[in-house]
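Here's a quick tour of one model, going from a strand and its neighbours to some aromatic rings. Have the viewer open as you read.

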Amino acid sequence: MVQQIPVGVSTASVWPLKAGSAFELAADLGYDGVEVMVWADPVSQDVSALRRWSRRTGVPVLSIHSPSLLITQRVWSPDPEVRLRMSVDAALELGARTVVVHPPFRWQRRYGDAFGDLVDELEESSGIEVAVENMFKVRPPGGSRTSRVSAFRPSIDPTDVGFRHYTLDLSHTAAAGMDALALAERMGSGLTHVHLADGTGLPKDEHLVPGRGIEPCAELLEKLVNSDFSGQIVLEINTRRSPSAAQRSRDLAESLLFARFHLGQ
């Protein structure tokens, strides 16, 4: 029997539109739910507002993306531990099963030292899956076009440390030049969440519609559906340059069709 793996869409996929637009598009296009990227958008930070959007559209919140981007270091709190705890609380209030979080930045020494224990504590106390995401290296200020460094500790690959749950992001594997299928193997049964997107292999986070780059998006989905995977797929594509609302909708519809086709749904 084919597993019916939920396929959601990230609110980041409609930026610069607000989070409410993601709920509306998810309902219109037939997505199974939404992942809330908590960032500058006030709605994304407001649990009550998110609950209202979910109820109004009938679209559940599948996951919360903790504000762990460089641009969200002041959202909710300047303390990364507080931000992660608030993300777990938001997931509990909204009925989401997963919180996506990036590994600590290299300069977050105290947070980095306690990160593994913090993730374990939050999972044990809440029942929420705190799924640590793979990342990619960046060009340092003043560096050459080919120089790359990791901003994360101890590395861009969370399996170097080992966590109970992981998020696999295929745009990030493209930017990092990593083998996505090999990374999925290393994550093993801990792979509980997938950010489905594509990339061309350029050292930047492209978040293309799946099938428009070089990542093994189709192969990964087919592998998951024939395994014991019981997690969620979330489309996290970049539509900020869409020339129209209609084109944004077409890109999101194409992404959903790609996912459902290769999941055998």
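## Strand β1 and its neighbours

Which residues of strand β1 point one way, and which the other way? Val7 and Val9 go one way, Gly8 and Ser10 the other, and all are buried (under 20% relative accessible area with a 1.4 Å probe, protein chains only; over 50% is exposed, and in between is partly exposed). In a regular strand, side chains alternate between the two faces of the sheet. This is a predicted model, so local features need pLDDT of at least 70 and side-chain atom pairs 80 or more, while totals for chains, interfaces and linings use all residues. Residues are numbered from 1 along each chain as its sequence is written, and side-chain values use heavy atoms, without hydrogens and water.

Strand β1 (residues 7–10) runs parallel to β8 (residues 232–235), joined by three bridges; Gly8 has Val234 as its bridge partner there. Three bridges also join β1 to β2 (residues 33–37), again parallel, with Gly8 opposite Gly33. (Pairing takes at least two DSSP bridges; strands are DSSP E runs of at least two residues, helices H or I runs of at least four, numbered from the N terminus.)

## Aromatic rings

There are six aromatic pairs, counting Phe, Tyr and Trp rings (six-membered ring for Trp) with centres within 6.5 Å; planes under 30 degrees apart are stacked, over 60 edge-to-face, the rest tilted. Phe105 and Trp107 are stacked, at 4.6 Å centre to centre and 5° between the planes. Phe105 is buried because its relative accessible area is 5%, whereas Trp107, at 52%, is exposed.

Elsewhere, ring pairs link Tyr111, Phe115, Phe163 and Tyr166 into a cluster.
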